[in-house]
Amino acid sequence: MASSAAGCVVIVGSGVIGRSWAMLFASGGFQVKLYDIEQQQIRNALENIRKEMKLLEQAGSLKGSLSVEEQLSLISGCPNIQEAVEGAMHIQYGHSSLLHWPLHPRSTKETGSWTPKS
């Protein structure tokens with residue numbers, strides 16, 4: 001499992017793409033914070049992720065070596081962007097999130113990600 005001391009991964013946007021990124025990073029053992037401007041969207045996303053991971057487990061298609069519960073414990077929601085990015089090792093965002101997220105000079109439109117310098 002990735003060390004939480006190294007910081008977390010922040011996902012900006014909790015739609016289909018954001019939920020998929022959250023599941024992928026959690027499968028690798030990373031602590032994930034899911035941010036959205038709509039708190040209800042975050043709650044819906046966390047519930048959807050739980051359901052999807054259970055289905056993947058039942059189908060034998062769950063990624064990573066961690067159990068569903070271990071992966072789910074790594075994903076949380078955060079309704080405040082400043083709190084979400086505090087101490088982040090990586091920020092992942094979808095292109096539609098750019099409507100609400102000013103581009104940082106070190107961000108890339110092509111990958112939709114930003115990694116703070118150490």
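In what pattern do the helices and strands follow one another when the protein chain is read along the sequence? Before I answer, let me say that what we have here is a predicted model, and that everything I describe this morning is computed from that model. Read along the sequence, the protein chain runs β-α-β-α-α-β-α-β-β, which amounts to four helices and five strands.

Let me stay with the chain as a whole for a moment. The protein chain has 118 residues, and buried residues make up 38% of them. Its accessible surface comes to about 6800 Å², and carbon and sulfur atoms account for 54% of that surface. If we take the contacts between residues at least 6 apart in sequence, 56% of them join residues that are at least 24 apart.

I turn now to the interior. The largest nonpolar core has 16 residues, and the members that touch the most other members are I11, A22, V32, I49, M53 and I75. Two or more residues of this core come from each of β1 (9-12), α1 (16-27), β2 (32-35), α2 (39-58) and α3 (68-73), with α1 giving the largest share, four residues. There is also a second, separate core of 10 residues, and C8, I81, A88 and Y93 are among its members.

Which residues does I75 touch, once those up to four places away in sequence are set aside? The list is A22, M23, A26, V32, L46, I49 and M53, and I would point out that A22, V32, I49 and M53 also stand with I75 among the core members that touch the most others.

Another residue to look at in this part of the model is L72, which lies in helix α3. L72 counts as buried because its relative accessible area is 12%, and the cut-off for that class is under 20%. Leaving aside neighbours within four places in sequence, L72 is in contact with I49, R50 and M53. If you measure on screen from L72 to A22, C-alpha to C-alpha, you should find 9.7 Å, although the two residues are 50 apart in sequence.

Since α1 gives the largest share of the main core, I would like to describe that helix in some detail. Helix α1 has 12 residues and reaches 17 Å from its first C-alpha to its last, which is close to the 16 Å expected at 1.5 Å a residue. Its buried residues are G18, R19, A22, M23, F25, A26 and S27, and you will notice that this list includes R19 and S27 alongside A22 and M23. These buried residues pack against β1, β2, α2, α3, β3 (75-78) and β4. Just after the helix comes G29, which takes a positive phi of about 90 degrees.

How many aromatic pairs does a search of the whole structure find? It finds two, and one of them is formed by F25 and F30, which sit edge-to-face at 6.1 Å centre to centre, with 85 degrees between the planes. The two partners fall on either side of the 20% cut-off for buried residues: F25 is buried because its relative accessible area is 17%, whereas F30, at 27%, is therefore partly exposed. Together with W21, F25 and F30 form one aromatic cluster.

Let me move on to a polar pair in strand β4, which covers residues 90-93. H90 is found in this strand, and so is Q92, and a polar contact of 2.9 Å joins their side chains. Are these two residues buried or exposed? Both count as buried, because H90 has a relative accessibility of 13% and Q92 has a relative accessible area of 4%.

As a last case, consider another glutamine, Q40, which is found in helix α2. Q40 is partly exposed, because its relative accessible area is 42%, while Q92 is buried at 4%. The C-alpha atoms of Q40 and P79 are separated by 9.5 Å, and the two residues are 39 apart along the chain.

To close, I would ask you to keep three places in view as you turn the model: the 16-residue core around residues such as I75 and A22, the aromatic cluster of W21, F25 and F30, and the side-chain contact between H90 and Q92.

How values were computed
Residues are numbered from 1 along each chain as its sequence is written. This is a predicted model: local features need pLDDT of at least 70, side-chain atom pairs count only at pLDDT 80 or more; totals for chains, interfaces and linings use all residues. Side-chain values use heavy atoms; hydrogens and water are left out. A nonpolar core is a set of buried Ala, Val, Leu, Ile, Met, Phe, Trp, Tyr and Cys residues joined through side-chain atoms within 4.5 Å. Buried means under 20% relative accessible area, exposed over 50%, partly exposed in between (1.4 Å probe, protein chains only). Contact means heavy atoms within 4.5 Å. The expected span of a helix is 1.5 Å times one less than its number of residues. Accessible areas come from the Shrake-Rupley method with a 1.4 Å probe; for residues, only the protein chains shown count as cover. Rings of Phe, Tyr and Trp (its six-membered ring) pair if their centres lie within 6.5 Å; planes under 30 degrees apart count as stacked, over 60 as edge-to-face and the rest as tilted. A polar contact is a pair of N or O atoms within 3.5 Å; within protein, one must be able to donate a hydrogen and the other to accept it, and residues adjacent in sequence count only if both atoms are side-chain atoms.
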